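Hi,

Here is the structure I promised to pass on to you. Have a look at it first, and then read my notes below.

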Amino acid sequence: MSTELTDFIYSSPMCSTHEHTEYEHYYCASKPDVLTQLFDNYVVHDLQSAGAAEEQLAALIDPGSGDVGKRFRDIQSYWNNIQHTGYAEAVKLTARHLFSIDQLTPDTVTTAQQSNPYPGTEGERLTILKDVAGLDHVQIDTNSRPLPHEMIGQDFFLYDLNMFDFAAGNPDFNQIEDQLGEKIGSLEALEAAIGTLFAISSRYAVAVKTQHAYARTLKWSPRSNEDAALALQKVRQARSDASEADRLCLGDWCLSRIAEQCAAHNLPWKIHTGYFAKNNFMPTENLRAGNLDGLIRANPRTRFVLMHIAYPHSDEMIALAKHYANVSVDMCWAWSINPLHASDFLRRYMHAAPKNKLFIFGGDAHLPAASVGYSYQCRDWFRRTLQKEISEGFLAENQAIDLARFFMADNPYDYYDLTSKKDNLRSATAEIVKAHGHEKAFGFPPKGIRDSGKA
């Protein structure tokens, strides 16, 4: 083991370029117990795949469901069957670093609950993410709009502007009209609304996010205004019963407008690719990063960040980043989906594509506790990966440390212009936001991020 490299990786702040960290208000109101902190994350999907019933899993992460020892015992046999998965590995790391639990048993979780130091108090999110997970900041996708007021006046919790509904071809007309105070009755009004959302949000948002692969194929085709106008009227009339053809037409048209606005406002566009969350729905052909080739080629001024290494189609992702100047890759979530695959991907990427096109970490989690496990999991496997490069003669140790510094902080700071973005947020006040005419960008979220209804 390389001591200097190891010390650097574990002692240095790391940027998280993708999270779904719950709003402060809803996090505190949830009053999480030890089992919630440990298991309310992606691991429940492995447990379900192993045979656990949805009722058992709901009880496992519900603080109102009683004794923690019994709740863990009810799923222990399924837990034993997923011990070697990346999701389980992250849970064990959270248990160790948050609760000093070396082995999860009914007795150890009961003991930890008796002295639970993280019951959902104000300021706890920041403490866990900054001081325990060792993160420089988190970039949060709220799955919805508007942006939260809590981002104003601080520089740790950064936020994406979510445009999922537009990209999916099913704009949330009620939300858009409530936020902007304008009726969306025509294609021209819809285009103006997209432009307004960018104009009032781009100073504060760190990026744009869509996860439209959950609702449609990633393939894109250019659409005429005439066809899109007709599709808009049909989607407005039919709502959730709109045909797939109409939603694809309107969605493709919106994707073009989003790309134009991202370029105009210099906002990177994060797009979900690859593996799906939850269970029993995995249309793998829809998820291929290669499906985005047409959209990328048509928008050379737009900076695309393709997320999750398109698992399991990861080599397509490397090919796109190697080929296109405007494509970058984010390894968020990848370390926990399959850490061995992620480690191999990092080595393949490093020997194929420019290093400034890669971001290595995002926990993709609602709870800060889960981000702790994902952060340490990334550091563990990142160290192993660089150590292999050293041991096989590709890197000297000082080069590996320089690469670690670059991937953990320098590259995200440069790509997302984080020094300026943090300055904007830190110096912002409600009065300054209003003076810029940007007050409609912000609002109090009517429900938590986890309850947004989007993946």
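A word you will meet often is "buried": a residue counts as buried under 20% relative accessible area, exposed over 50%, and partly exposed in between, using a 1.4 Å probe and protein chains only. Please keep in mind that this is a predicted model, in which local features need pLDDT of at least 70 and side-chain atom pairs count only at pLDDT 80 or more, while totals for chains, interfaces and linings use all residues. Residues are numbered from 1 along each chain as its sequence is written, and side-chain values use heavy atoms, with hydrogens and water left out.

Let's begin with the cysteines. C254 counts as buried because its relative accessibility is 0%. C332 is buried too, since its value is 0%. How many disulfides (pairs of cysteine sulfur atoms within 2.5 Å) does the structure hold? Zero. For C254, the nearest cysteine sulfur belongs to C249 and is 9.6 Å away. For C332, the nearest is that of C378, at 11 Å.

Next, the sheet. Helices (H or I, at least four residues) and strands (E, at least two) are DSSP runs numbered from the N terminus, and two strands pair if DSSP finds at least two bridges between them. Eight strands form an open sheet with parallel pairing, in the order 1-2-4-5-6-7-8-9. Its edges are strand 1 (14-19) and strand 9 (358-359), each pairing on one side only. Strands 7 (residues 304-307) and 8 (residues 327-330) are joined by four bridges; V305 has S328 as its bridge partner in strand 8. Helix 14 (residues 244-265) packs on the sheet, touching strand 5 (207-210) and strand 6 (269-272), where contact means heavy atoms within 4.5 Å.

Finally, the charged pairs. A salt bridge is a side-chain nitrogen of Lys or Arg within 4 Å of a carboxyl oxygen of Asp or Glu, and the count by this rule is 23. One of them joins D252 and R216, at 2.7 Å from N to O. This pair links distant parts of the chain, with D252 in helix 14 and R216 in the loop between strand 5 and helix 13 (225-238), 36 residues apart. Both D252 and R216 are buried.

R348 and D344 form another salt bridge, with their closest N and O atoms 2.4 Å apart. Both lie in helix 18 (residues 339-350), four residues apart, which is about one turn of the helix. R348 is partly exposed because its relative accessibility is 24%, and D344 is partly exposed at 40%.

Enjoy exploring!

Methods:
A disulfide is a pair of cysteine sulfur atoms within 2.5 Å. Axes are lines fitted to C-alpha atoms, for helices over the stretch in contact, and angles run from 0 to 180 degrees between N-to-C directions.
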